[in-house]
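Good morning, and thank you for coming. I should like to take you through one structure, beginning with how its copies are arranged and then turning to the parts within a chain.

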There are 2 protein chains.
Amino acid sequence: MRFNIFLIIFLITVSLSNSIQAQNDEDVEKVGDIFDNVLTQSSSYNWLHYLCKNIGHRIAGSPAGAAAVEYTRQMLDTMGCDKVWLQPVKVPYWTRGNIAECRIINSQIAGDIKLSACALGYSAATDIAGISAEVIEVKSVSELEKMSDDKVKGKIVFFNAPMDPTKVSTFSAYGEAGHQRTAGPRKAAEKGAVAALVRSLTLKADDIPHSGVTIFDEVQPIPALGLGIQSAERLSALLSKEKQLKVYIRLDCKKHKDQLTYNVIGEIKGSEFPDKIILIGGHIDSWDLGEGAHDDGAGCVQSMEVLHVFKRLGIKPRHTIRCVLFANEENGLKGGSTYADEAKNKGEKHVAAIESDGGGHTPRGFGMDAVPEILKDAYAKTQKFREILAPYGFYELVTGGSGADIGPLKNQNVVLFGYRPDSQRYFDFHHTENDVFESVHKRELELGAAGIASLVFLIDKYCF
Amino acid sequence: MRFNIFLIIFLITVSLSNSIQAQNDEDVEKVGDIFDNVLTQSSSYNWLHYLCKNIGHRIAGSPAGAAAVEYTRQMLDTMGCDKVWLQPVKVPYWTRGNIAECRIINSQIAGDIKLSACALGYSAATDIAGISAEVIEVKSVSELEKMSDDKVKGKIVFFNAPMDPTKVSTFSAYGEAGHQRTAGPRKAAEKGAVAALVRSLTLKADDIPHSGVTIFDEVQPIPALGLGIQSAERLSALLSKEKQLKVYIRLDCKKHKDQLTYNVIGEIKGSEFPDKIILIGGHIDSWDLGEGAHDDGAGCVQSMEVLHVFKRLGIKPRHTIRCVLFANEENGLKGGSTYADEAKNKGEKHVAAIESDGGGHTPRGFGMDAVPEILKDAYAKTQKFREILAPYGFYELVTGGSGADIGPLKNQNVVLFGYRPDSQRYFDFHHTENDVFESVHKRELELGAAGIASLVFLIDKYCF
């Protein structure tokens with residue numbers, strides 16, 4: 001009798017482990033199919049080409065933004081989604097204008113020097129004659145905060161903290177140094193400065209100025225510019241010798257009234273749980289320099305590719321798979337907040353949301369985030385996916401960070417994922433005229449798309 | 001008494017595990033120091049700039065090859081190595097010449113069409129008038145082997161197998177499709193073909209021809225050319241409609257007598273085991289197109305950087321750390337074979353050898369190789385390094401493959417490692433005019449150098 005029980009247990013164990021193995025083999029095969037398919041089609045790369053070359057940069061609320069909304073809607077509409085629609089979003093609207101002049105005008109050592117600069121998002125314009133003032137250099141916002149207002153009043157504040165090159169993830173270095181861009185100009189304005197210059201957020205030693213949002217909230221905006229690294233270094237070197245150095249600035253950027261644009265949404269209905277949604281997305285808006293290729297054309301076309309590869313391979317998901325191209329990540333996050341608000345109002349249930357907004361580079365893995373009550377369990381459930389995804393370069397499946405647009409869903413108990421490509425090159429392009437189609441590598445883009453699709457496939461099958 | 005024994009065991013265990021933890025913390029810290037240091041210096045990137053821009057491509061035996069030998073010798077000599085020397089190596093010498101003409105001359109559909117082509121290494125020249133002949137397309141060497149000699153005689157054989165885009169490692173795809181380049185022209189010559197055209201080994205859909213070695217052994221060489229992908233596709237498309245298509249070829253490449261060049265060697269003597277060597281290396285020669293930036297300027301400067309960072313940080317290795325820049329990887333492997341032969345003759349003991357010859361891209365990890373008797377143990381010993389290296393993007397520490405130059409050391413019971421950068425972009429540049437300094441990313445290059453230095457540090461401390 002004991003023998004028989006052991007035999008039965010043994011047989012059950014063998015049969016269970018065979019079945020787990022078969023399951024696993026089946027998953028390995030399906031994920032292989034997804035990668036093979038994506039790597040031999042060119043949908044995402046072709047869509048990105050159109051977005052970059054036929055439409056170009058597309059700040060939310062702009063005519064190009066409308067073209068991008070319509071183009072991606074049409075693409076989702078023709079790939080056989082069950083439903084495609086536009087969700088209206090009111091967005092703030094700011095334009096850069098045509099003038100971004102920035103010069104040192106009174107150097108005894110070097111004479112008149114042009115500095116490579118561009119307006120930061122929400123910068124004020126100067127008047128038509130421009131402004132000129134002396135410059136105070138600081139290495140952090142807190143250094144500025146400690147200064148008396150008298151010392152700052154009437155001056156141009158120059159934030160010159162470099163990104164930390166010893167941080168292996170350049171996103172960590174960006175996170176640290178980024179505070180001077182988002183909060184520095186406001187603090188300078190509060191202290192009576194007439195303008196702010198911010199060292200570009202990059203580790204590349206070139207002279208391309210980087211834009212990006214700066215937040216004035218209730219404070220009256222002042223002119224605020226990103227400075228190319230070489231210009232920042234030169235200004236700093238001269239300032240160390242000539243305290244009375246003056247910089248001249250002229251800008252014609254403008255804040256307009258809010259505009260109407262849209263989140264672009266397409267979905268494949270779930271066969272078992274049509275009311276439970278797995279979301280994938282990027283943001284369709286970009287800064288108004290370059291072509292928004294890495295930021296975030298790449299994330300948009302990768303998200304669209306997930307639906308497309310499901311259709312091409314005839315994968316019928318159990319949950320509804322929904323692709324959302326958010327309207328306004330760069331300067332307001334209105335796409336993400338509108339989406340989350342409406343989801344809550346309609347009682348929609350999202351089980352997971354994955355955002356791709358870290359560029360189109362070669363994959364490293366995914367970050368995860370959720371409210372503490374569900375994060376541990378979600379993390380445990382997804383660890384078994386690692387061995388399936390690792391052969392494709394997706395080694396990381398770690399807690400910490402997801403995406404700005406899906407962030408507002410966190411409090412609706414959604415498990416959030418952020419796609420993590422390799423970060424070394426991202427800040428060579430980010431928010432600059434160099435963020436163009438040619439800077440995206442076809443296979444790296446496709447590996448990302450296939451990895452996101454594979455994660456969706458596995459979540460749909462096993463979680464949550 | 002039992003209680004006391006348990007207490008003692010407990011205390012020993014705690015103390016041991018504390019000591020292991022402390023050891024581990026110490027290693028984590030030291031590896032962190034290595035990365036911080038390499039990422040904030042620019043030695044390797046500056047050396048690479050000189051190699052690429054002041055010297056340029058440097059096929060073994062060429063005057064530029066001599067300049068590269070002398071430059072790297074001087075750099076090793078001035079960084080404080082204990083010993084720097086040149087090891088003489090006799091190498092075959094072949095030059096490409098100035099003419100690489102390749103045209104379709106009788107298409108009824110398309111007229112006269114220029115094809116983008118370059119001579120493969122060891123190609124024969126044509127006579128001054130060039131040659132023209134009809135073309136047979138094959139998709140593999142074995143397809144050619146099955147053909148009767150009659151069908152091939154007097155023709156140009158066109159090998160047109162694409163690299164497999166579904167292989168995630170492009171090196172695997174290269175390994176498969178590469179056979180048509182290395183062995184195809186010889187087989188064509190044996191069957192009486194007058195020339196061979198080989199589809200370039202790349203996944204990028206451009207029209208840049210890729211060179212690389214083709215091996216004739218005892219067979220009389222024929223003209224053999226790499227064709228750009230678009231040219232190959234066009235030729236193939238026309239051939240499917242016009243069987244009598246003729247191609248005209250003119251080449252003035254030349255095989256010369258053997259030349260003398262050198263393996264460049266520098267070392268830091270080991271404090272405990274000066275007679276036991278840990279080798280790091282790349283190859284100083286390159287193909288005679290582009291600037292040999294990824295292949296293998298990157299591997300050379302990374303290897304030099306290992307010694308330099310040990311010196312900068314004052315790390316005193318237990319074993320001798322030796323940097324070897326091999327003379328002749330591309331067309332003969334004489335650097336590696338000479339080195340291994342002399343090591344054997346002198347009775348030198350190498351415990352490990354690491355080669356970097358996969359490009360300067362962002363890291364993925366290391367491959368390992370050794371004779372079966374020692375591989376399993378070596379693999380087990382190194383697995384504990386993974387958690388230390390993974391935060392820097394070195395996730396892989398797997399068996400399978402090392403490097404061509406260190407390969408001949410395998411039979412001397414040396415544990416071999418091949419540095420594995422991300423492979424997606426490598427064959428965009430490999431053996432082409434595009435393999436230039438600008439295609440190497442500073443931080444990616446430096447992460448590789450720091451990872452190799454860290455592996456050397458850990459091997460020196462714990463193995464073998």
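**The two copies and their axis**

Of the residues of chain A, Y395(A) comes closest to the rotation axis, its C-alpha lying at 3.6 Å. Before I go further, please note that this is a predicted model, in which local features need pLDDT of at least 70 and side-chain atom pairs count only at pLDDT 80 or more, while totals for chains, interfaces and linings use all residues. Residues are numbered from 1 along each chain as its sequence is written, and chains are lettered from A and ligands numbered from 1 in the order in which they are written.

Two copies of a chain are related by a rotation about an axis and a shift along it. Here, a turn of 180° and a shift of 0.0 Å along the axis lay chain A on chain B with an RMSD of 0.0 Å. The copies were superposed by least squares on the C-alpha atoms of residues with pLDDT of at least 70 in both. They are thus related as by a two-fold rotation axis.

What do the chains bring to their interface? From chain A, 19 residues are in contact with 19 residues of chain B, contact meaning that the C-beta atoms of two residues, placed from the backbone, lie within 7 Å. On the chain A side, α1 (2-40) and α15 (442-462) each supply at least two residues, and α1(A) gives the largest share, four residues. By class, that side has eight nonpolar, six polar and five charged residues. Nonpolar here covers Ala, Val, Leu, Ile, Met, Phe, Trp, Tyr, Cys and Pro; charged covers Asp, Glu, Lys and Arg; the others, Gly among them, are polar. Because 100% of the interface residues of chain A are also interface residues in chain B, the copies meet through the same surface.

**Within chain A**

The domain assignment, which is automatic or taken from a database, gives domain 1 (30-92 + 258-462) and domain 2 (99-255) in chain A. Their C-alpha centres lie 33 Å apart. Between them, 15 residues of domain 1 of chain A are in contact with 16 residues of domain 2 of chain A. The domain 1 side of this contact divides into four nonpolar, eight polar and three charged residues.

I turn now to the sheet. Eight strands of chain A form an open sheet of mixed pairing, in the order β3-β2-β9-β5-β6-β7-β8-β4. Strands are DSSP runs of E with at least two residues, helices are runs of H or I with at least four, and both are numbered from the N terminus; two strands pair if DSSP finds at least two bridges between them. The edge strands are β3 and β4 (117-119) of chain A, each of which pairs on one side only.

At one edge, β2 (residues 100-107) and β3 (residues 111-114) of chain A pair in the antiparallel sense over three bridges. A hairpin of three residues joins β2(A) to β3(A). S107(A) has G111(A) as its bridge partner in β3(A), and I104(A) stands opposite I113(A).

**A residue and a helix of chain B**

Is I249(B), in strand β9 (residues 246-251) of chain B, buried or exposed? I249(B) counts as buried because it has 27 C-beta neighbours inside 10 Å; the cut-offs are 20 or more for buried, 12 or fewer for exposed, and partly exposed in between, with C-beta atoms placed from the backbone. Beyond four places in sequence, its contacts include E101(B), C102(B) and T126(B).

Finally, helix α10 (residues 293-313) of chain B is mostly covered, with 18 of its 21 residues buried. G314(B), with a positive phi near 65°, follows α10(B).
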